[in-house]
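Trainee: I'm new to this structure and would like a close look at one part of it, the pockets and the helices around them. Could you walk me through that part in one go?

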Amino acid sequence: MKEVIIYTDGACSGNPGPGGWGALLMHGDNIKEIMEGAFETTNNRMELTAAIEALNALKKPCKVILHTDSTYVKDGITKWIENWKNNGWRTSNKKPVKNVELWQALDEAVSRHDITWKWVKGHDGDEGNERADELANMGMNNYKVL
């Protein structure tokens with residue numbers, strides 16, 4: 001199974017506001033960078049979208065080490081999602097899960113791969129995280145209204 005290292009990040013100017021996501025995918029000497037944005041979104045939505053799009057960019061099942069600076073994404077997918085699914089996509093407080101369609105899309109994307117989730121401190125000099133942040137900001141730039 002091919003091994004891929006992924007760094008993802010989301011960005012938002014205002015929360016909500018225009019936002020962007022970026023992902024850096026690496027396999028051996030091959031590097032792929034992807035990014036996009038939205039006019040009216042939140043940082044959490046962009047963090048989730050970055051992970052979804054990065055995993056969906058993989059054409060075959062892979063062994064993935066996915067780095068994110070979002071505890072929301074990492075904890076959501078590794079700790080909370082099974083309870084949400086068992087509770088009909090409701091939190092422990094019986095409230096609907098926020099961004100449910102993105103969590104469902106991430107759950108689907110994750111099911112195709114063998115993923116190790118790694119949290120990295122944002123804006124702390126990690127090269128992969130810094131590049132993902134640059135990509136997210138580049139993705140957001142097309143959606144900022146002057």
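Mentor: Happy to. Strand E2 (17-27) and strand E3 (30-41) each give at least two residues to the lining of the largest pocket. Please keep in mind that this is a predicted model. The volume of this largest pocket is about 220 Å³. Its lining is made up of 13 residues, and those nearest the pocket's centre are Lys 2, Val 4, Lys 32, Ala 57 and Leu 58. Sorted by class, the lining of the largest pocket has 7 nonpolar, 2 polar and 4 charged residues.

Now let's turn to the second largest pocket, with a volume of about 170 Å³. You can find its lining by picking out Tyr 72, Trp 84, Thr 91, Ser 92, Asn 93, Lys 95, Pro 96, Val 97, Lys 98 and Trp 103. Of these lining residues, 5 are nonpolar, 3 polar and 2 charged.

Some of those names come up again when we look at the helices. Tyr 72 and Trp 84, which help to line the second largest pocket, are among the residues of H2 that meet H3. Trp 103, also part of that pocket's lining, sits on the H3 side of the contact.

How do these two helices pack? Two packed helices are described by the angle between their axes and the distance between the axes. For helix H2 (residues 71-86) and helix H3 (residues 100-110), the angle is about 95° and the axes are 11 Å apart. H2 is therefore roughly perpendicular to H3. On the H2 side, the contact also includes Val 73, Gly 76, Ile 77, Ile 81 and Lys 85, while H3 brings in Leu 106, Asp 107 and Val 110 as well. By class, this contact of H2 with H3 holds 8 nonpolar, 1 polar and 2 charged residues.

H3 has another partner to look at, helix H1 (residues 43-56), and here the packing angle is about 25°, with the axes 9 Å apart. H1 and H3 are therefore roughly parallel to each other. Their crossing is left-handed. From H1, the residues in contact are Arg 45, Leu 48, Thr 49, Ala 51, Ile 52, Leu 55 and Asn 56, and they meet Glu 101, Leu 102, Trp 103, Ala 105, Leu 106, Ala 109 and Val 110 of H3. This contact of H1 with H3 divides into 10 nonpolar, 2 polar and 2 charged residues.

One last thing to try on screen: select Trp 103, Leu 106 and Val 110 of H3, which meet residues of H2 and also meet residues of H1.

Technical notes. Residues are numbered from 1 along each chain as its sequence is written. This is a predicted model: local features need pLDDT of at least 70, side-chain atom pairs count only at pLDDT 80 or more; totals for chains, interfaces and linings use all residues. Side-chain values use heavy atoms; hydrogens and water are left out. On a 1 Å grid over the protein atoms alone, a cavity is a set of points where a 1.4 Å probe fits but cannot get out, and a pocket is an open set with protein on both sides within 12 Å along at least five of seven lines; lining residues have an atom within 4 Å of a point. Grid points are joined across faces, edges and corners, and a volume is the space filled by probe spheres set on the points. Helices (H or I, at least four residues) and strands (E, at least two) are DSSP runs, numbered from the N terminus. Ala, Val, Leu, Ile, Met, Phe, Trp, Tyr, Cys and Pro count as nonpolar, Asp, Glu, Lys and Arg as charged, and the others, Gly among them, as polar. Axes are lines fitted to C-alpha atoms, for helices over the stretch in contact, and angles run from 0 to 180 degrees between N-to-C directions. Angles under 35 degrees count as roughly parallel, over 145 as roughly antiparallel, 65 to 115 as roughly perpendicular and the rest as oblique. Contact means heavy atoms within 4.5 Å. A crossing is left-handed if the near helix is turned anticlockwise from the far one by less than a right angle, and right-handed if clockwise.
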